[in-house]
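Open the model in your viewer and switch to a cartoon view. The stops below go from one selection to the next.

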Amino acid sequence: MTATSATTVAAPAREPGWVDEVGLTGGAGLLARLVRLNMLVSAALDGLVEPFGLTVADYLVLGTIRHSPGGQGAPSRLCRLLGRTSGGMTLALDRLAAAGLVSRAPDPTDRRRIIVELTEAGDVLSRRVNDRLHEWEAELALPAAVRDDLHLTLDVLLDAVATPGAGRRP
């Protein structure tokens, strides 16, 4: 083997230290890695939004409304986009309205429906939290090529998982 070909041969894959730490004797597969990533990111997100007096779920409601067409959202749409129940969404909206972050009004085109929008305070807070989340992401210092690869890979994975029947046996 020449020196050139030796540098192109990949070293054997080694499991990261956390695999032994959590006791995965057979090694870590995709699901174990995703669960570990979910745990770490969830803890980081909780720590990032907590100083603002929010939960991650509350921030997601605010952010979804802010990015909705016209800056307004129907509770049913929010439930669908965020995977929440109508009861859970009602509680979240009650909490956010009591904090002065959202307002509710009858839909002018259909009085049976409610439209939710951010108050000025809700918009300001949502943007501040969003800025902090982007700062945290930048602090990860991922090279642009790695970030681009991750975006593509995660988009493929998200599509696969979101496909009805994905991962289920017939």
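Select S2 and strand S3 (residues 110-118): the two run antiparallel and are joined by 6 bridges. Within this pairing, Ser103 has Glu117 of S3 as its bridge partner. The model is predicted.

Now add S1 to see an open sheet of 3 strands, in the order S1-S3-S2 with antiparallel pairing. Strand S1 (72-73) and strand S2 (102-107) are at the edges with a single partner strand each, so one side of each has no neighbour in the sheet.

Next, show helix H4 (residues 56-66), which lies across S1, S2 and S3 and runs at about 105° to S3. Add helix H5 (residues 75-82): its axis and that of H4 come within 11 Å and cross at roughly 115°. The crossing is right-handed. For side chains, display Leu60, Val61, Thr64 and Ile65 in H4, which meet Leu78, Leu81 and Leu82 in H5. By class, this contact has 6 nonpolar, 1 polar and no charged residues.

Which residue forms a salt bridge with Arg104? Select Asp94; the closest N and O atoms are 2.7 Å apart. Arg104 lies in strand S2 and Asp94 in helix H6 (residues 86-98), so the pair ties together parts 10 residues apart in sequence.

Move to Arg113 and Asp107, another salt bridge, with the closest N and O atoms 3.2 Å apart. Is Asp107 buried or exposed? Asp107 is buried, at 7% relative accessible area, while Arg113 is partly exposed at 38%.

Finish in helix H7 (residues 120-139), where Arg132 and Glu135 are 3 residues apart, about one helical turn. Their salt bridge has its closest N and O atoms 3.5 Å apart. Add Glu139: salt bridges that share partners join Arg132, Glu135 and Glu139 into one network.

Note on methods. Residues numbered from 1 in each chain as written. Predicted model: local features only at pLDDT ≥ 70, side-chain atom pairs only at ≥ 80, totals over all residues. Heavy atoms only, no water. Pairing = 2+ DSSP bridges. Helix = DSSP H or I, 4+ residues; strand = E, 2+ residues; numbered from the N terminus. Contact = heavy atoms within 4.5 Å. Axes fitted to C-alpha atoms, helices over the stretch in contact; angles between N-to-C directions. Left-handed = near helix turned anticlockwise from the far one by under 90°. Nonpolar A, V, L, I, M, F, W, Y, C, P; charged D, E, K, R; others polar. Salt bridge = Lys/Arg side-chain N within 4 Å of Asp/Glu carboxyl O. Buried < 20%, exposed > 50% of the residue type's maximum accessible area, 1.4 Å probe, protein only.
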